[in-house]
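Subject: Structure handover

Hello,

Here is the structure I said I would pass on. My notes on what was found in it follow below.

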Amino acid sequence: MWNKLPVPALVLAAGAAAHPALAEGLPGVTDGPGPNLVIEVADSKGAAKGRIVLDLYNDKAPNHVERLVTLAKSGAYDGVVFHRVIDGFMAQTGDVEFGKHGSDTARAGMGGSNMPDLAAEFNDVSFQAGTVGMARAQDPNSANSQFFIDLAPATFLDGQYTVVGQLVDGWDVLNAIKKGDPAANGAVVEPDYMVKVTVEE
């Protein structure tokens with residue numbers, strides 16, 4: 001299985017600068033009908049860093065939302081690391097196969113879940129700061145369990161990755177997630193992880 005990455009990331013991430021107007025929050029972003037994914041974040045030693053809340057777009061990407069909700073409710077996301085984090089671009093997680101905290105995460109980013117890949121549900125939502133997208137391999141219909149949250153606008157991803165939601169709380173926590181090495185395409189050594197992921201309907 002290919003590494004499920006936003007494909008243009010390595011080339012274009014350097015041009016994605018943090019948006020200064022978003023330094024203290026995400027003005028204009030409201031919590032929609034949900035469901036919401038609530039993620040408790042900790043550093044590699046287990047120290048709590050706070051929580052982020054993602055409003056999922058069931059009307060825009062119902063199959064992908066169902067997948068995230070199913071995995072969260074089963075506990076599959078608990079303990080999964082943020083294996084790839086690029087400053088000024090995005091934080092990626094969700095590899096339930098190879099990305100468990102405390103295990104060998106050398107292959108994190110290359111796995112998925114025990115469920116089949118999903119057909120793309122591209123929609124009209126643009127990738128902005130806090131937008132949640134599904135990671136995939138070269139095949140547009142290869143999203144499975146991995147997702148990423150944008151740290152800055154990334155409109156070059158529009159129409160190429162399924163937008164599945166939007167961060168509505170925890171912008172400061174998201175930005176404090178440990179960054180990876182730009183020379184290694186954002187791979188993180190001793191990464192932060194999702195201690196517990198729950199669903200609020």
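A cavity here is a set of grid points where a 1.4 Å probe fits but cannot get out. Its volume is the space filled by probe spheres set on the points. Please keep in mind that this is a predicted model.

Overall layout

The chain has three helices and nine strands. From start to end of the sequence, the order of elements is α-β-β-α-β-β-β-β-β-β-α-β. Of the 201 residues in the chain, 53% are buried.

The cavity

There is one cavity of 30 Å³ or more in the structure. The largest cavity has a volume of about 40 Å³. Its lining is made up of H64, A120, F122, M134, R136, P140, A143, Q160, Y161 and T162. Sorted by class, that lining has six nonpolar, three polar and one charged residues.

Two of the lining residues, R136 and Y161, also meet in another contact. The charged end of R136 sits over the ring of Y161, at 4.3 Å from the ring's centre.

Aromatic rings

A pair of aromatic rings is described by the distance of the centres and the angle of the planes. Four aromatic pairs are present in the structure. One of them joins F127 and F148, whose ring centres are 5.7 Å apart and whose planes are at 15°, so the pair counts as stacked. This pair links distant parts of the chain, since F127 is in the loop between β5 (90-93) and β6 (131-134) while F148 is in strand β7 (residues 147-150), 21 residues apart. Both F127 and F148 are buried.

Y161 comes up again here: ring pairs link F127, F148 and Y161 into a cluster. Y161 therefore has a place in the ring cluster, carries the charged end of R136 over its ring and lines the largest cavity.

Salt bridges

Side chains of opposite charge can pair when their charged atoms come close. The count of salt bridges in this model is four. Three of them are described here, each between parts of the chain that are far apart in sequence.

In one, D124 pairs with K60, and the closest N and O atoms are 2.8 Å apart. D124 lies in the loop between β5 and β6, and K60 in the loop between β2 (48-56) and α2 (62-74), so the pair ties together parts that are 64 residues apart in sequence. D124 counts as exposed because its relative accessibility is 64%. K60, at 30% relative accessibility, counts as partly exposed.

In another, K73 forms a salt bridge with E201, again with 2.8 Å between the closest N and O atoms. K73 is in helix α2 and E201 in the segment after β9 (193-200), 128 residues apart, and the pair links these distant parts of the chain. K73 and E201 are both exposed.

The side chains of D78 and K196 also meet in a salt bridge, with an N to O distance of 3.1 Å. D78 is in the loop between α2 and β3 (80-81), K196 is in strand β9, and the two are 118 residues apart. D78 has a relative accessibility of 17%, which is under the 20% cut-off, so D78 counts as buried. K196 is partly exposed, with a relative accessible area of 42%.

A further pair of positions

V69 is located in helix α2 and counts as buried, at 12% relative accessibility. The C-alpha atoms of V69 and V197 are separated by 9.5 Å, although these residues are 128 apart along the chain.

Backbone

Most residues other than glycine have a negative phi. Which residues here, other than glycine, have a positive phi? N185 is one, with phi near 55°. E190 is another, with a phi of about 50°. N185 is found in the loop between α3 (171-175) and β9, and E190 is found in the loop between α3 and β9 as well. N185 counts as buried at 19% relative accessibility, whereas E190 is partly exposed, with a relative accessible area of 47%.

Regards

Definitions and conventions. Residues numbered from 1 in each chain as written. Predicted model: local features only at pLDDT ≥ 70, side-chain atom pairs only at ≥ 80, totals over all residues. Heavy atoms only, no water. Phe/Tyr/Trp six-rings, centres within 6.5 Å; stacked < 30°, edge-to-face > 60°. Helix = DSSP H or I, 4+ residues; strand = E, 2+ residues; numbered from the N terminus. Buried < 20%, exposed > 50% of the residue type's maximum accessible area, 1.4 Å probe, protein only. Lys NZ or Arg CZ within 6 Å of the ring centre and 35° of its normal. 1 Å grid on protein atoms, 1.4 Å probe; cavity = no way out; pocket = protein on both sides within 12 Å on 5 of 7 lines; lining within 4 Å. Nonpolar A, V, L, I, M, F, W, Y, C, P; charged D, E, K, R; others polar.
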